[in-house]
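Trainee: I have a model open and want to learn how to read it. Where should we begin?
Mentor: Bring it up, and we will go feature by feature.

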Amino acid sequence: MKRWRLATVWLSGCSGCHMSLLNLHEGLLEMLHTCDLVYSPLVDTKEFPEEVDITVVEGAVGTEADRELAILVRERSDIVISLGDCACSGNVSALRNPLHLPVVELPTKTRSETLPRLLPLALPLHQVIRVDGFITGCPPTPEAIKVGIIEHLAEITA
Ligand code: SF4
């Protein structure tokens with residue numbers, strides 16, 4: 001029996017969607033009977049891998065690093081699902097958009113390679129890459145996450 005390659009990605013979100021995923025408790029363990037979690041904040045993989053069957057993405061696209069990762073996720077995943085209202089519509093992450101905040105250039109002395117460069121607007125995922133499904137909620141309920149993932153896996157098996 002094929003084991004699915006599942007990934008979860010955390011862009012500009014509060015991590016609440018991943019907390020909700022963890023709140024599946026034994027339901028998460030059940031999913032892992034048929035899936036390998038190949039990339040996630042919950043595991044230690046450093047680089048997004050090739051040939052992922054399904055990726056769920058939390059958070060809006062708010063930084064250049066988010067945009068680069070989103071594009072890589074799309075290239076390497078058969079199915080991409082927006083997880084939670086920030087990924088689906090911008091939600092809390094996009095509250096800064098009406099303020100039109102300038103993208104601040106840090107002085108050389110304080111610039112750090114680890115600081116993400118903000119994009120002018122925080123965008124919902126589907127405005128940056130094609131997505132195949134949406135799991136709404138802030139956060140989505142654990143059950144909604146499980147059903148969303150299982151339904152999309154069923155589509156690729158059919
Ligand atoms: Fe956090 Fe809600 Fe956004 Fe999920 S949808 S990342 S819980 S603010």
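Trainee: How many residues surround the ligand, and which are the closest?
Mentor: Keep in mind that this is a predicted model. In it, 13 residues surround the ligand. The closest are Cys14, Cys17, Glu58, Cys86 and Cys138.

Trainee: Which elements give two or more residues to that shell?
Mentor: Helix H1 (16-22) and helix H4 (85-89) do.

Trainee: How do the shell residues divide by character?
Mentor: Sort them into classes. Six are nonpolar, five are polar and two are charged.

Trainee: Glu58 is on the list of closest residues. What is the bridge partner of Glu58 in E5?
Mentor: Leu83 is the partner of Glu58 in E5. Strand E5 covers residues 77-83. E5 and E3 run parallel, joined by six bridges.

Trainee: Now E3 itself. How many of its residues are buried?
Mentor: Buried means under 20% relative accessible area. Strand E3, residues 52-58, has seven of its seven residues buried. E3 is mostly covered.

Trainee: In what sense do E1 and E3 pair, and over how many bridges?
Mentor: Strand E1 spans residues 4-10. E1 and E3 pair in the parallel sense over five bridges. Follow the partners along the strands. Ala7 has Thr55 as its bridge partner in E3. Thr8 stands opposite Val56 in E3.

Trainee: What should I expect of side chains along a strand?
Mentor: In a regular strand, side chains alternate between the two faces of the sheet.

Trainee: Which strand pairs with E1 over four bridges?
Mentor: That is strand E2, residues 35-39, and the pairing is in the parallel sense. Trp4 has Cys35 as its bridge partner in E2.

Trainee: Why is E1 described as largely enclosed?
Mentor: Count its buried residues. Five of the seven residues of E1 are buried, so E1 is largely enclosed by the rest of the structure.

Trainee: Let's turn to the surface. Which residues form a nonpolar patch there?
Mentor: Met19, Leu22 and Leu42 form it. Together they have about 230 Å² of accessible area. Leu22 is found in helix H1.

Trainee: Why does Leu22 count as partly exposed?
Mentor: Partly exposed lies between the buried limit, under 20%, and the exposed limit, over 50%. Leu22 counts as partly exposed because its relative accessibility is 35%.

Conventions
Residues numbered from 1 in each chain as written. Predicted model: local features only at pLDDT ≥ 70, side-chain atom pairs only at ≥ 80, totals over all residues. Heavy atoms only, no water. Buried < 20%, exposed > 50% of the residue type's maximum accessible area, 1.4 Å probe, protein only. Pairing = 2+ DSSP bridges. Near = heavy atom within 4 Å. Nonpolar A, V, L, I, M, F, W, Y, C, P; charged D, E, K, R; others polar. Patch = residues over 30% accessible without salt bridge, like charges linked within 9 Å, V, L, I, M, F, W, Y side chains within 5 Å. Areas by Shrake-Rupley, 256 points an atom, 1.4 Å probe, with all protein chains shown as cover. Salt bridge = Lys/Arg side-chain N within 4 Å of Asp/Glu carboxyl O.
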